[in-house]
Amino acid sequence: MLLQYAPMADPIVLDGKTLARSTEAGIAERVSALKARNGGCTPILATILVGADPASMTYTKMKGNACRRVGMDSLKTELPEDTTTEELLAAIDELNNNSDVHGILLQHPVPGQINERACFDRIALTKDVDGVTSQGFGQMAMGEPAYGSCTPAGIMRLLDHYDIPIEGRHAVVIGRSPILGKPMAMMLLNHHATVTICHSRTRNLVDVVRMADIVVAAVGKPRFVKGDWIREGAVVVDAGSHPEKCGDVDLQAVIPRCSAYTPYPGGVGPMTINTLIFQTLQAAEKAAG
Ligand code: NAP
C-alpha cells in the first residue's frame, strides 16, 4: 500500500533560510557560554581551499562569515591549484595537531591530481565536523554518534523542524555521491524510511521517482527532476545548486503537485552551512569537556 501525503493547495515551503537564521541565535548563545567557561577560548573552524574555483571560494567565504555571525572564528588555509596529495595531507596533519582548531573543512571538490578520499580520511574524527571521513560515515550509518555530512544532515534537520513524516515512507534519493546521496539515504533509512537510491545507471528512473513519498534530488543537473515525475502530495527536497540560479528540480512545475518542497534559493543551502557551524560548536564543546 502506498502511504499518501495529503495533496495540498498550498504546499509547505521548507524554508531553510529562516530556520538557519533562527537557530543561529541559539548557537551564538552556546558559543558565548562556552567562551565564558573556557577562559575566553573561541571555537575555531579551519577551512582548507585548494585552487581558486570561484564557487568554492564563495562557499568557504560564506562558511567563514557564518562562523563570525555566531562568535566563532575561522582559520583559512589556501593552497595553490598544483598542490599534491602529500602537501594537502601535511596541511591536514598540522590542523589535526593544532589544539586551537575544533573543526576542519576541506572544501570539495579538490583539483583532480589530489586523492580526495585519502585527504578526507586524514581529518581527525573528532574534528570531522563536515562529516566526510569514511569512519564518520560508517558510524553514522550504524547509528553510532558521528557528525553527519552537512548537506544531508541539514536536510534531516529541516524535515524534522517541519514535522515531515519519514517512518514507513518511500524515499527516493537521486544521486549517490559520498557527501550527499549516500549519507542522505543512510540518514533516511535510520529514520525508518524505505529507501531507494538512484544514479546514472538506474533504469526507468522516472517510474521509480513516481513511486516516492519523499524525493531528494542530488543529481548535479539543473532542473533535472520534472513536474510530472512527482506523485501528488509527495515531499520534494532539492539539494542542487547551479550557476543558472536553480537547483536540480524544475520547481515551478513541481510546486502544484507536491505537499512540501525546499525553495531555491533559501532551502537546503543555508541548512548546510548552519549544520557545519552547529557541528563545529558541538566539537568545541566536546573538546572543552
Ligand atoms: P556528484 O558528486 O556529481 O553526484 C551526482 C550524482 O547524480 C551521482 O551519483 C550520479 O550518478 C547521479 N546522476 C548523474 N546523472 C544522473 C542521471 N541522469 N540520472 C540519475 N542519476 C544521475 O554531485 P554532488 O556533489 O552529490 O552534488 C549534487 C548536487 O547538489 C549539485 O547540484 C551540487 O551543486 C549540489 N550540492 C549542494 C550543496 C548545498 O549545500 N546546497 C552541497 C553539496 C552539493 P553516478 O554515481 O552513477 O555517476
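Which residues lie nearest the centre of the largest pocket? Keep that in mind as you go through these points; the answer comes in point 3.

1. **The model and its parts.** What you have in front of you is a predicted model. The protein is split into two domains: domain 1 covers 41–124, and domain 2 covers 150–269. If you take the C-alpha centre of each domain, the two centres are 28 Å apart.

2. **Where the largest pocket sits.** Try finding the two domains on screen, then look for the pocket. Domain 1 and domain 2 both contribute residues to the lining of the largest pocket, so this pocket lies between them. Its space comes to about 1400 Å³.

3. **Who lines the largest pocket.** Here is the answer to the opening question: Y59, A239, S241, G269 and T272 lie nearest the centre, out of a lining of 50 residues. Sorted by class, the lining holds 23 nonpolar, 17 polar and 10 charged residues.

4. **Which elements build that lining.** Several helices and a strand take part. At least two residues each come from α1 (16–37), α2 (54–69), β4 (103–106), α6 (150–161) and α10 (268–287). Which element gives the largest share of the lining of the largest pocket? That is α2, with nine residues.

5. **The second largest pocket.** This one holds about 370 Å³ of space. Its lining is made of 21 residues, and A153, M156, R157, M187 and H191 are the ones nearest its centre. By class, 10 residues of this lining are nonpolar, seven are polar and four are charged.

6. **Elements around the second largest pocket.** Helices α6, α7 and α10 each supply at least two residues of its lining. The largest share, five residues, is from α6. You have met α6 and α10 already: each also supplies at least two residues of the lining of the largest pocket.

7. **A pair of strands to trace.** Now follow the chain through strand β5 (residues 170–174) and strand β6 (residues 194–198). These two strands run parallel and are joined by five bridges. Within the pair, I174 stands opposite C198 of β6. To get from β5 to β6, the chain passes through helix α7 (residues 181–190), making a right-handed β-α-β crossover. So you can link two of these points: helix α7 of this crossover also gives at least two residues to the lining of the second largest pocket.

Note on methods. Residues are numbered from 1 along each chain as its sequence is written. This is a predicted model: local features need pLDDT of at least 70, side-chain atom pairs count only at pLDDT 80 or more; totals for chains, interfaces and linings use all residues. Side-chain values use heavy atoms; hydrogens and water are left out. Domain bounds come from an automatic or database domain assignment. Two strands pair if DSSP finds at least two bridges between them. Helices (H or I, at least four residues) and strands (E, at least two) are DSSP runs, numbered from the N terminus. A crossover is right-handed if, with the strands pointing away from the viewer, the path from the first strand over the helix to the second runs clockwise. On a 1 Å grid over the protein atoms alone, a cavity is a set of points where a 1.4 Å probe fits but cannot get out, and a pocket is an open set with protein on both sides within 12 Å along at least five of seven lines; lining residues have an atom within 4 Å of a point. Grid points are joined across faces, edges and corners, and a volume is the space filled by probe spheres set on the points. Ala, Val, Leu, Ile, Met, Phe, Trp, Tyr, Cys and Pro count as nonpolar, Asp, Glu, Lys and Arg as charged, and the others, Gly among them, as polar.
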